[in-house]
Amino acid sequence: MLRSLCLTLVLGLFALAQAKPSTGDSVLVVLQPSLKKEDFSLFFGGLEKQGYDLTFRSPKDESPRIIEDDIPSFSHVILFAPDIKTFTQDITPQSLISLLSANTNLLITLSPKQSPFTSLASEFSLILPPPGTPLISHFPERNTNATIIPIDVPSHPILTPNTPPVWFSGVPHALGNNPFLVPILKAPAESFAADSTEDSAADTLIEASERGGEGLWAGSSMGVVTGFQTRDGSRVTWVGGVELFSDNFAKKEISKGIKSGNEQFAKDVAAWTFQKKLALRIDGTSHHLANETTPREQYTIKDQIVYDAYISHYNPATSAWEPFSGLTDLQLEFTMLDPHIRTALPPVPGEPGKYSVTFRAPDRHGVFKFVIDYKRRGWTYLHSSTIVPVVPPRHDGYPRFLSAAWPYYAGAISTSIGFVLFSALWLAGDEKGAKKVKDLAKTE
């Protein structure tokens with residue numbers, strides 16, 4: 001009975017540990033005073049049902065601190081304070097960058113008003129329009145304000161397929177050329193950023209678009225929800241309006257009988273930001289000679305080397321890491337300063353999560369590295385590096401005879417045989433001549 005009770009307790013603790021998100025479950029929500037927690041009950045309630053521990057504070061509260069002694073206090077931070085211009089000392093652009101460096105994920109909302117996040121966005125290659133110019137669209141025809149816009153949800157690996165359109169109200173942003181940006185939701189093609197009451201800036205935008213200037217703030221080239229993933233794997237998502245997460249927009253119908261997709265969209269965005277979606281990791285790597293199983297400390301030039309990698313992904317449905325064989329474009333590089341070999345690293349059929357390739361070591365000795373450097377937008381970056389020396393064969397490691405050297409062998413042998421025959425003939429001819437001289441002397 002006691003053994004059964006202990007086993008049940010261990011399994012319960014194991015299940016609880018497996019249910020935790022991939023990077024932690026503590027979340028700090030910084031909520032500005034004009035916003036009520038109850039107005040976002042669907043979003044916050046959904047996070048709590050997924051196992052997140054939410055802590056709320058005002059932008060000017062001193063505690064709980066967002067970071068203390070350069071150590072993050074939470075695994076994730078949600079900043080629902082788009083209109084606040086001054087924060088406490090622990091919430092600054094510098095501290096938010098420090099959080100990202102410490103693998104803390106951020107969800108930041110913006111507004112048409114100027115805030116410290118406006119200047120911070122430029123550090124992530126996001127270009128915001130001038131203050132006071134929200135996104136506007138008069139299409140499709142509807143009974144709502146021109147700044148409350150329905151946006152179709154595109155097909156995206158981060159988002160749930162067939163999600164209905166979402167309501168959006170806020171500020172757009174232009175995207176720079178930074179390869180770490182992950183566009184999630186773009187503005188409609190007929191939308192633009194301008195004065196929300198009289199559209200007085202519309203003509204200016206049209207004229208400037210011909211010069212490539214303020215035309216940045218028009219059309220589907222603008223983004224309204226954009227992610228950013230650092231080299232270390234931490235993620236930050238920029239959302240142009242906090243109302244996208246509100247209960248009002250989540251319950252608002254797109255058309256008669258069709259509920260908006262805001263609730264599901266917000267859930268998907270949070271799941272990606274908190275590294276529950278498209279999260280990968282390398283569980284281990286190994287290398288050995290063909291027909292062997294144990295790794296070697298060094299290899300010889302032209303050896304047949306087998307390299308294996310084991311990769312898993314985080315499954316939000318089971319809240320656990322599972323073997324993953326869905327990468328079809330994974331590559332392995334065998335480098336010494338520059339890649340000497342770059343080859344595909346395909347999954348092994350019948351062995352989930354295992355990727356393997358066999359290749360011949362280059363005909364060059366030195367210190368090489370097995371390198372996996374997988375970077376795809378939206379997915380966790382994978383990097384692995386293993387150092388291994390490649391040496392020339394030992395003195396007894398060369399073949400006794402080389403097939404390519406047979407002409408030289410034949411030449412040396414024929415020369416030796418010719419020398420022996422010539423010497424024998426020369427010596428034999430010299431003895432016969434001496435005998436003739438002695439015979440002539442006797443006759444005389």
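Let me begin at the surface of this predicted model, where Ile 413, Ile 417 and Leu 421 form a nonpolar patch. Together these three residues offer about 290 Å² of accessible area. Leu 421 belongs to helix H8, which runs over residues 406-443. With a relative accessible area of 52%, Leu 421 counts as exposed, because the cut-off for that class is over 50%. As a general remark, nonpolar side chains in soluble globular proteins tend to be buried together.

That brings me to the interior. The largest nonpolar core comprises 42 residues, and those with the most contacts inside it are Phe 43, Ile 78, Phe 80, Val 225, Phe 245 and Phe 265. At least two residues of this core come from each of strands S1 (26-31), S5 (76-80), S9 (149-151), S10 (166-168), S12 (181-186) and S14 (222-229), and likewise from each of helices H2 (41-49) and H7 (262-273). Helix H7 gives the most, with 5 residues.

Which residues does Phe 265 contact, leaving aside its neighbours within four places in sequence? They are Val 153, Leu 159, Val 166, Ile 184, Leu 185, Val 225 and Leu 244. Apart from the largest core lies another, of 30 residues, including Leu 96, Phe 117, Ala 121 and Leu 126.

Turning to the chain as a whole, the secondary structure comes to 8 helices and 26 strands. Of the 444 residues, 43% count as buried. Among contacts between residues at least 6 apart in sequence, 70% join residues at least 24 apart. The accessible surface comes to about 24300 Å², and 56% of that area belongs to carbon and sulfur atoms.

Next, the charged side chains. Side chains of opposite charge can pair when their charged atoms come close. The structure holds 10 salt bridges, and I shall mention three. Glu 292 and Arg 296 meet at 3.0 Å, N to O; Glu 292 is partly exposed at 27% relative accessible area, and Arg 296 is partly exposed at 37%. Lys 375 and Asp 373 meet at 2.6 Å, N to O. Both partners are partly exposed, Lys 375 at 36% and Asp 373 at 42%. Glu 333 and Arg 342 form a further salt bridge, at 2.9 Å, N to O.

Finally, a word on confidence. The chain averages a pLDDT of 88, and 87% of the residues score at least 70. Over residues 1-19, however, the pLDDT is below 50, and this stretch has 7 contacts in the model beyond near neighbours in sequence. Where pLDDT is low, the predicted coordinates should not be read in detail.

Terms used: Residues are numbered from 1 along each chain as its sequence is written. This is a predicted model: local features need pLDDT of at least 70, side-chain atom pairs count only at pLDDT 80 or more; totals for chains, interfaces and linings use all residues. Side-chain values use heavy atoms; hydrogens and water are left out. Patches are made of residues with over 30% relative accessible area and no salt bridge: like charges are joined within 9 Å, nonpolar side chains (Val, Leu, Ile, Met, Phe, Trp, Tyr) within 5 Å. Accessible areas come from the Shrake-Rupley method with a 1.4 Å probe; for residues, only the protein chains shown count as cover. A salt bridge is a side-chain nitrogen of Lys or Arg within 4 Å of a carboxyl oxygen of Asp or Glu. Helices (H or I, at least four residues) and strands (E, at least two) are DSSP runs, numbered from the N terminus. Buried means under 20% relative accessible area, exposed over 50%, partly exposed in between (1.4 Å probe, protein chains only). pLDDT is the predictor's confidence in each residue, from 0 to 100. Contact means heavy atoms within 4.5 Å. A nonpolar core is a set of buried Ala, Val, Leu, Ile, Met, Phe, Trp, Tyr and Cys residues joined through side-chain atoms within 4.5 Å.
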